[in-house]
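Thanks for coming. I will walk through a few places in one structure, going from the strands to single side chains.

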Amino acid sequence: MTLPSPSLRDNSADADRLLRALKRELGVDQVQADLILLRRLPQVLRDAAYRVRCILFRDGACGRLVHVAAADEALAGLAIDLGTTRVVMRLVDLDDRRVLAERAFDNPQIEIGPDVLARIHYADQPGGLERLQALIVAGINREVANLCRSVHMTPDHIFLISVAGNTAMSHLLAGLPTRWMIREPYIPAVNRFGLIPAAQLGLTVNPLARLFLFPSVGSYFGGDLIAGILFTGLHRQSETALLVDVGTNAEVVLGNREWLMACAGAAGPALEGGVTRMGTTAAPGVIDRVRIDPDSKAIDIHTIDDLPPRGICGSGVIDLAAQLYLSGMIDIRGKFQPAVCGERWVEINGMAHVIIVPPEASANGQPLGISQADMDSLIRSKAAMYTILETLTGSMGIALDELKTFFVAGTFGSFIDPRSAITIGMLPDLPPTAFRSMGNTSLGGASLLLQSREAVMDIDAIRDGITYMELNVNQDFMNRFSAAKFIPHTDPGRFPSVPAPGRRMGE
């Protein structure tokens with residue numbers, strides 16, 4: 001902003017002069033500034049000869065003035081994907097919108113419990129909520145310092161923070177009670193968090209910094225999905241498209257620029273790689289791709305960074321199930337066929353297993369295998385995923401094969417082979433061109449908020465435009481679910497591209 005200098009003819013107060021100009025620039029009814037900023041303002045304006053840069057965070061029809069700076073000061077924003085398991089942070093230059101650095105770390109709340117439910121129960125104990133909040137705040141502060149150090153900045157240069165997480169994680173960061181989120185009728189404390197002074201949460205960034213927590217729709221549809229919609233542009237599509245994000249749950253949004261319909265279901269953990277004893281998240285040495293020769297039954301695996309195998313991630317589990325089916329080693333129910341599996345079929349503690357990697361070839365000298373119980377769990381999860389998609393699209397009178405764009409988010413979307421997911425009947429039988437892997441859409445949406453004025457305006461419109469479908473009381477869902485617990489489905493006509501067992505693709 002370049003402001004006219006005060007004079008006897010124009011003796012408006014310094015704050016009035018600046019805020020009036022900002023209202024015109026932004027087209028808002030009101031611009032507010034904290035007292036601590038107003039105390040500094042007269043000297044800052046005069047030192048800069050009334051030519052300053054201003055950082056604001058828009059909140060509806062109001063602008064919040066966060067900082068007024070001279071032209072040569074470094075100004076940064078921080079985008080955070082607040083995951084239950086992993087937290088990813090991205091430092092953004094507010095001047096030119098460049099990404100300066102990125103960092104990921106395990107959510108420190110894992111020491112309390114690996115999942116949302118365990119943490120919510122812990123938060124109910126005396127001092128539990130305070131401890132959970134302190135853990136995540138300390139983790140963010142530690143990593144922010146490392147992030148800034150890597151680009152020769154200090155945390156004091158961070159003025160805007162945007163955070164996208166599920167409803168529970170957002171509540172725990174804000175120190176809000178979560179007790180009623182898991183008790184019927186499943187009500188969160190808030191859905192819109194508003195702008196929060198970062199210092200109020202104990203974050204060691206600039207004392208004037210403001211934090212924006214993406215709003216949620218309810219207990220099971222959080223800000224991470226709102227950020228995902230924003231990042232993919234689903235809300236601006238002229239044709240109906242689908243967004244799937246697999247994490248703690250499988251969360252799905254269907255819609256276009258006219259309407260959005262969403263739902264969530266418990267199809268996530270098995271598809272993330274937690275279905276087997278050897279299941280783990282994607283990391284070096286983890287199996288991410290599997291191929292089985294339908295004739296010799298020889299198993300060919302690929303690990304991330306080509307290191308000795310030590311586990312298998314979600315994409316590897318889906319690949320494995322598809323290849324076991326195509327080679328005839330499991331039947332349409334997902335049951336092992338001992339005669340076909342040969343020496344790979346073993347019993348361990350009375351449970352049937354198929355060994356994928358013998359002990360001499362694994363990283364820890366232990367065999368890596370999948371049990372019948374593991375496979376049964378995967379079949380249920382893939383059935384839940386497909387049924388969620390089918391129920392949601394069916395409720396709008398749309399057939400799955402009509403979709404032209406299918407956004408797949410998260411680590412799941414980055415590594416998954418859609419062909420394998422189609423083979424086991426987890427994703428609909430669409431052309432490969434329909435599937436678009438979008439990576440971390442939660443982080444992408446949080447970053448976009450720091451890079452675009454339009455994004456700020458879109459968030460409330462997205463949130464208010466979503467209709468949420470509750471699957472727990474949907475009888476149609478349960479009927480469809482039973483039919484989907486086969487590979488690829490009880491109705492093979494839905495999957496015309498999937499070959500019969502023992503035949504290669506295209507035969």
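I start with the pair at the edge of a sheet: in β20, Ala409 has Gly439 as its bridge partner. Before going on, please keep in mind that this is a predicted model. Strand β19, residues 406-409, pairs with β20 in the parallel sense, over four bridges.

Those two strands belong to an open sheet of six strands, in the order β20-β19-β10-β11-β12-β21, and the pairing is mixed. Which strands stand at the edges? They are β20, residues 435-439, and β21; each has a single partner strand, so one side of each is left without a neighbour in the sheet. On average, neighbouring strands here are turned by 20° against each other, with direction ignored.

Next comes helix α13, residues 441-451. At its start, a side-chain oxygen of Asn440 comes within 3.3 Å of the backbone nitrogen of Ser442. Is this helix enclosed or open? Nine of its 11 residues are buried, so α13 is largely enclosed by the rest of the structure. The buried residues include Thr441, Gly444, Ala446 and Leu450.

Now to another strand, β7, residues 158-165. Eight of its eight residues are buried. Two strands paired with β7 can be named. Strand β4, residues 76-82, runs parallel to β7 and is joined to it by seven bridges; one of the matched pairs is Leu82 with Gly165 in β7. Strand β9 also runs parallel to β7, with four bridges between them. There, Ile161 has Leu211 in β9 as its bridge partner. As general background, strands of a sheet pair through backbone hydrogen bonds, either parallel or antiparallel.

Thr167 is my next stop, in helix α5, residues 167-174. How buried is Thr167? Its relative accessible area is 1%, and the cut-off for buried is under 20%, so Thr167 counts as buried. A polar atom of the Thr167 side chain lies 2.7 Å from the backbone oxygen of Gly218. Leaving aside neighbours within four places in sequence, the contacts of Thr167 include Met181, Pro188, Gly218 and Phe221.

Phe221 leads on to the aromatic residues. There are six aromatic pairs by the rule used here. In one of them, the rings of Phe221 and Tyr468 have centres 6.2 Å apart and planes at 70°, so the pair is edge-to-face. This pair links distant parts of the chain, 247 residues apart: Phe221 is in the loop between β9 and α6, and Tyr468 is in strand β21, residues 466-468. The two partners do not share one label for exposure: Phe221 is buried, at a relative accessible area of 1%, whereas Tyr468 is partly exposed, at 27%.

Another pair is Tyr386 with Phe495. Their ring centres are 5.5 Å apart and their planes stand at 50°, so this pair is tilted. Tyr386 lies in helix α10, residues 372-395, and Phe495 in the segment after α15, so the pair ties together parts 109 residues apart in sequence. Both Tyr386 and Phe495 are buried.

Two more items on rings. Phe57, Phe212 and Phe214 form one aromatic cluster. And at Trp180, the charged end of Arg179 sits over the ring, 4.8 Å from the ring centre.

To go back over one thread: Thr167 is in contact with Phe221, and the ring of Phe221 pairs edge-to-face with that of Tyr468, which is in β21, one of the edge strands of the six-stranded sheet. That is where I stop.

Definitions and conventions: Residues numbered from 1 in each chain as written. Predicted model: local features only at pLDDT ≥ 70, side-chain atom pairs only at ≥ 80, totals over all residues. Heavy atoms only, no water. Buried < 20%, exposed > 50% of the residue type's maximum accessible area, 1.4 Å probe, protein only. Polar contact = N/O pair within 3.5 Å; in protein donor to acceptor, adjacent residues only side chain to side chain. Contact = heavy atoms within 4.5 Å. Phe/Tyr/Trp six-rings, centres within 6.5 Å; stacked < 30°, edge-to-face > 60°. Lys NZ or Arg CZ within 6 Å of the ring centre and 35° of its normal. Pairing = 2+ DSSP bridges. Axes fitted to C-alpha atoms, helices over the stretch in contact; angles between N-to-C directions.
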